[in-house]
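Q: Can you walk me through how the labels on this one were reached?

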Amino acid sequence: MPLTDLTLAQCLALRPDLDEPADLDAFWEQTLGEARDAGGAPAFTPVDTGLTEVVTHDVTVPGFAGEPVRGWLHLPARTSGPLGCVVEFLGYGRGRGLAHEQVLWANAGHAHFVMDTRGQGWSTAGGDTPDTAALNGTVPGFLTRGVERPHDHYYRRVFTDAVRFVEAASAHPAVDPDKVVVTGISQGGGIALAVAGLMPGLAGVMPDVPFLCDIRRGATIAARPPYTEIAEYLRLHRDRGETVFTTLSYVDAALLAARATAPSLFSIAMMDEICPPSTSFAAYHRYGGPKDLRVYEFNGHEGGGGHHRREQLAWVRELLHAPGSEATHPLSALHDPPRA
């Protein structure tokens, strides 16, 4: 599998100049304020999964416009007191799945919230949260859903759901609100970056081969969906390019990431045809807080897989249990660095 984008050296030197809406902060302040004003309280219902070392709850959180967003809460069965917490957002097409499926972080001793993604759940795991917006004329998928207007765009609703989900996690009695980390793979990584830029006070952020970063570039160079949805839309609507990319700038995680302050651990794969590495590096370079990086030079969108889960487990353990620990220099953290 060849390189799909720039070389590693070019990506490390990349400093993209992205178009940022002048009212980006006001847009999100209003959006999140309206969601909070909609009210509602999270609900937690115990679930019997048959597992003895993990306790699971079915979660419902009021998200965008107060609409219910489903999820899971996993807790280690034999640990008491407020815990560090990992809030996980899911990849494109994936729903929250079954209650027993994602228990890695609870087995590592952390509280683990998994957020269902509205309107998704048709690929590797089923979902239980509908997207209520009635929009026509979009390419199948989510990038062009509501793309004519920032207030209508699909990811405005998803990012709002995610912020509200993290707020619910932080308020849960089993969670230490000062030790909340957000993470996700692909789409989930983009959501995690957006949340990091929209919410102060997070303990850490782990975006894994993130999607939704430098979206305009992704639309021009990605060889496989979802970014190709944008090109497919504009192939028909030839006169709407600037409207489309203006709307998408409001949900570009690389722009929102510049506002983040929490320590971060990124992963980027250099042979990624779905999320081209230069788009992920755009977010990495613009990220506002301390940052650490793992590069997987010979991998596609699967990224580091189990190897990277091992890196994340160690990083979260140090972050949450070693006060004052700092992120390492990003260049010292490269996997398989280029040889002279």
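Q: What makes Lys291 count as sitting over the ring of Tyr284?
A: This is a predicted model, by the way. The charged end of Lys291 is 5.1 Å from the centre of the Tyr284 ring, and the cut-off for that distance is within 6 Å. Arg96 gets a similar note: it lies over the face of Trp72, 3.8 Å from the ring centre.

Q: Why is the pair Phe113 and Phe165 called edge-to-face?
A: The ring planes stand at 85°, and over 60 degrees counts as edge-to-face. The centres are 6.1 Å apart, where a pair needs them within 6.5 Å. So edge-to-face it is.

Q: How do you know that this pair links distant parts of the chain?
A: Phe113 belongs to strand β5 and Phe165 to helix α4, 52 residues apart. Both rings' residues, Phe113 and Phe165, are buried.

Q: What makes Tyr154 and Tyr155 an edge-to-face pair?
A: Their planes are at 80° and their centres 4.9 Å apart; the angle has to be over 60 degrees, so the label fits. Tyr154 and Tyr155 are both buried, and they belong to one aromatic cluster whose members include Trp28, Phe159 and Tyr250.

Q: Why are α7 and α8 called roughly antiparallel?
A: They pack at about 150°, with axes 10 Å apart. Angles over 145 degrees count as roughly antiparallel, and therefore these two helices do. The crossing of α7 past α8 is right-handed.

Q: Which residues make the contact between α7 and α8?
A: From α7, Ile230, Tyr233 and Leu234; from α8, Gly241, Val244, Phe245 and Leu248.

Definitions and conventions
Residues numbered from 1 in each chain as written. Predicted model: local features only at pLDDT ≥ 70, side-chain atom pairs only at ≥ 80, totals over all residues. Heavy atoms only, no water. Phe/Tyr/Trp six-rings, centres within 6.5 Å; stacked < 30°, edge-to-face > 60°. Helix = DSSP H or I, 4+ residues; strand = E, 2+ residues; numbered from the N terminus. Buried < 20%, exposed > 50% of the residue type's maximum accessible area, 1.4 Å probe, protein only. Lys NZ or Arg CZ within 6 Å of the ring centre and 35° of its normal. Axes fitted to C-alpha atoms, helices over the stretch in contact; angles between N-to-C directions. Parallel < 35°, antiparallel > 145°, perpendicular 65-115°, else oblique. Left-handed = near helix turned anticlockwise from the far one by under 90°. Contact = heavy atoms within 4.5 Å.
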